[in-house]
Amino acid sequence: MNRRAFLYNGGVLASAASISAKSYSQIMGANDRVNLGVIGLGRRGIIVSNGFLKDPRVKIVALCDVYGAMTSAYQKHFADKLSQPAISVNHKELLARKDVDAVLITTPDHLHVEIGCDALAAGKNVYLEKPTVHRWKDRIQLEKAAAATTKVLQCGTQQRSGAHYAAAKQEFFDSGKLGNVVLVRAVWDNFPWQRRELPPQPKPADLDWELFLGPAPKVPYEYARYTSWRSFPDYGSGLLADILTHWVDVAQWMLNDDKPQRAVALGGDYVLHGYFQNPDTVSAVVQYAKWNLNFESSVLSIKDDRPSVFFQGTEGLLNLTREGYTYTPNQGEPVVFKSTQNLEVAHSKNFLDAVTTGSKPSAPLAAGLAATLPVELALYSYWNKKIAVPSDLT
């Protein structure tokens with residue numbers, strides 16, 4: 001049933017312009033259409049949007065970015081999939097639109113909480129890229145905003161929607177097949193876009209630097225700060241936020257334990273000396289009641305066979321990746337499972353299902369915050385050069 005057919009009732013055809021926001025949301029639920037606004041149109045914005053656009057329920061109706069060139073590049077990339085979306089620079093303009101049912105927030109990390117809270121307050125369903133919060137203290141603001149609405153909040157830890165991840169949890173962990181898992185090793189390296197040479201450039205005329213800074217300290221424009229914001233702790237937390245968030249979420253989910261007791265992190269800019277501030281290489285150990293997670297990551301050209309979370313149990317080993325897993329029992333032959341599922345598509349579908357049917361999202365706020373806590377402990381340890389415990393965080 002299309003929208004026009006639904007509006008027709010007893011010979012009366014209501015125009016789309018005359019319907020209220022409330023009735024529009026009811027129509028959306030009736031025909032499973034979701035009008036999406038995208039805030040933050042860079043690399044992750046394009047990747048996650050591509051997952052959403054695989055779903056016929058989605059129409060992207062509004063775009064927002066602080067830099068006009070990013071908006072133009074996004075429109076060019078999806079030229080055959082967009083139909084004159086509304087364009088804005090300030091996210092509040094997009095959120096004021098009545099035709100936007102849900103928003104995808106793929107901005108730099110330091111803007112997540114502000115925009116996420118504004119979106120929930122505006123009555124929008126929210127898909128929020130990880131990390132859920134950039135500063136641990138900001139979780140309280142986001143929790144209050146989520147508690148004040150019935151709208152869906154999905155965090156961008158897409159492994160939570162992976163079919164083979166859920167199957168592995170049931171087969172190897174919930175069943176006890178691995179025995180006592182006491183060590184988990186998480187590895188992911190080689191991020192070329194984070195080791196570019198970035199000579200100074202003047203600020204583009206169509207870049208709103210003040211909106212980019214948001215709640216961060218007010219500093220003059222620097223090209224490196226904008227284009228490689230992950231390398232600066234004012235805007236992102238580098239490898240610990242980008243990579244550890246994903247892998248520690250997998251480990252905590254599999255082992256039903258999201259209560260880290262302490263963490264230590266060591267690293268540095270071993271090769272990329274210069275303007276970058278976050279480490280180019282880092283190792284961290286997060287301790288739980290009955291297991292340790294050992295994390296290693298570098299932006300340098302270290303070649304991993306496959307980034308993974310490697311579980312070591314008393315009855316066997318499990319190497320769990322986005323492409324499948326290898327189970328090696330203490331006795332018997334290894335078992336290899338390969339997955340071709342697109343996790344971006346699966347996670348956006350899970351979000352859309354929650355929006356249109358009322359089902360539970362696979363990565364709700366509680367899961368997003370649980371994945372952030374060990375990251376925040378590791379960050380505290382790295383910058384303060386000491387073992388961190390939860391009471392250190394405010």
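**Close-up views of helix α7 and the parallel sheet**

**View 1. The exposed side of helix α7.** K144 and A147 are exposed on one side of α7, opposite the side that holds the helix's buried residues. The model shown in this and the following views is predicted.

**View 2. The buried side of helix α7.** Helix α7 spans residues 139-147, and R139, L142 and A145 are its buried positions shown here. These three lie on the same side of α7 because the arc they cover around the axis is only 125°. Buried here stands for a relative accessible area under 20%, and exposed for one over 50%. Among the elements that cover the buried residues of α7 are helix α6 (112-121), strand β5 and helix α13 (365-384).

**View 3. The six-stranded sheet.** The sheet is open, its strands pair in parallel, and their order is β3-β2-β1-β4-β5-β6. β3 (86-88) and β6 (153-155) form the edges, each pairing on one side only. From one strand to the next, the twist averages 20°. Strands of a sheet pair through backbone hydrogen bonds.

**View 4. Pairing of β5 with β6.** Strand β5 covers residues 125-128 and pairs with β6 in the parallel sense, over three bridges. Within this pair, V126 of β5 stands opposite L153 in β6.

**View 5. Helix α12 across the sheet.** Helix α12, residues 343-357, lies across five strands: β1 (34-39), β2 (58-64), β4 (102-105), β5 and β6. Relative to β5, α12 runs at about 160°. β5 thus appears in two of the settings shown: α12 lies across it, and β5 is among the elements covering the buried residues of α7.

How values were computed:
Residues numbered from 1 in each chain as written. Predicted model: local features only at pLDDT ≥ 70, side-chain atom pairs only at ≥ 80, totals over all residues. Heavy atoms only, no water. Pairing = 2+ DSSP bridges. Helix = DSSP H or I, 4+ residues; strand = E, 2+ residues; numbered from the N terminus. Axes fitted to C-alpha atoms, helices over the stretch in contact; angles between N-to-C directions. Contact = heavy atoms within 4.5 Å. Buried < 20%, exposed > 50% of the residue type's maximum accessible area, 1.4 Å probe, protein only. Arc of directions from axis to C-beta.
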